[in-house]
Amino acid sequence: MARAAGLIGEEKKAGQKNLFDVAIIGAGYAGLSAALLFGRYLVSAVVFDGGRARNSMTRRVHGYPGLENSSPKALIGKMCADVAKYRSIIVVRSTVRAVKRRGRHFAVMTGALTFQARYVVIATGVQDIKPRIKNLEKFDDDGAWHCPYCDGLETAGRRLAVIVSGKNPLSFAKEFLGHRISRCFYASAG
Ligand SMILES: Cc1cc2nc3c(=O)[nH]c(=O)nc-3n(C[C@H](O)[C@H](O)[C@H](O)COP(=O)(O)OP(=O)(O)OC[C@H]3O[C@@H](n4cnc5c(N)ncnc54)[C@H](O)[C@@H]3O)c2cc1C
């Protein structure tokens, strides 16, 4: 059933086929997971890949049994390759600009082309809002971490400054790092 027929990037071919059962917006972990199962159920789907997954700046992924310490790039690449083996799935490397209801279908529009789909799966993830600190991006995942669940262990035994905001910043910090906090200095920005 599965065959090596990855049409990744072949926007033109996808455009010619035009009508799909499902349009999946987002080719991160969620979108590709959905695509894989649609592929196995012979449901035709077009997946739109708008670029980088949320954790693409990190070096290693943690917490997926069997995939511990994989690089996000390698992991997404493998997932894409798996999905591309299913003949009913097409991956288009474009950002979706608009979705409109047109009768019984949805019109899903990239800059250049319009695709028709009966259903739309929105798997666009979330966008992290990082503090505006000069040069922060230089230390992303290399001295500055913003997901204690995923990367907290990398900070063990180090002196940490935890930058938090919201209604109850101290309890937020404790919730994630409590068992490792030996001394805590708190500074409020507002
Ligand atoms: C620093 C950091 C480290 C992390 N480490 C881990 C970890 O070790 N283990 C773990 O389990 N989780 C980790 N996470 C969480 C993990 O990254 C997310 O849970 C996961 O990426 C969510 O997958 P997703 O498919 O929902 O979204 P995403 O991975 O963000 O994928 C969404 C995709 O949709 C695309 N997209 C958005 N808009 C459009 C559009 N209009 N058209 C087309 N495409 C679009 C985006 O380009 C992106 O590729 C980490 C997160 C961060 C921030």
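This briefing looks at one hairpin and at two loop residues with positive phi angles. The model is predicted, so to speak for itself only where confidence allows: local features need pLDDT of at least 70, side-chain atom pairs count only at pLDDT 80 or more, and totals for chains, interfaces and linings use all residues. Residues are numbered from 1 along each chain as its sequence is written. Helices (H or I, at least four residues) and strands (E, at least two) are DSSP runs, numbered from the N terminus.

**The hairpin**

- Strand 4 (residues 98-102) pairs with strand 5 (residues 105-109) in the antiparallel sense, over five bridges; two strands count as paired if DSSP finds at least two bridges between them.
- Look at Ala98 to see one such contact: its bridge partner in strand 5 is Met109.
- Two residues sit between strand 4 and strand 5 in this hairpin, and Gly103 in the turn has a positive phi of about 65°.
- Strand 4 is hardly covered, as zero of its five residues are buried; buried means that 20 or more other C-beta atoms lie within 10 Å of a residue's own, exposed means 12 or fewer, and partly exposed is in between, with C-beta atoms placed from the backbone.

**Two residues with positive phi**

- Most residues other than glycine have a negative phi.
- Leu42 is not a glycine, yet its phi is positive, near 55°.
- You can find Leu42 in the loop between helix 2 (29-40) and strand 2 (45-48), and Leu42 is exposed because it has 12 other C-beta atoms within 10 Å.
- Asn69, also not a glycine, has a positive phi of about 75°.
- Asn69 lies in the loop between strand 2 and helix 3 (72-84), and it is exposed because 9 other C-beta atoms lie within 10 Å.
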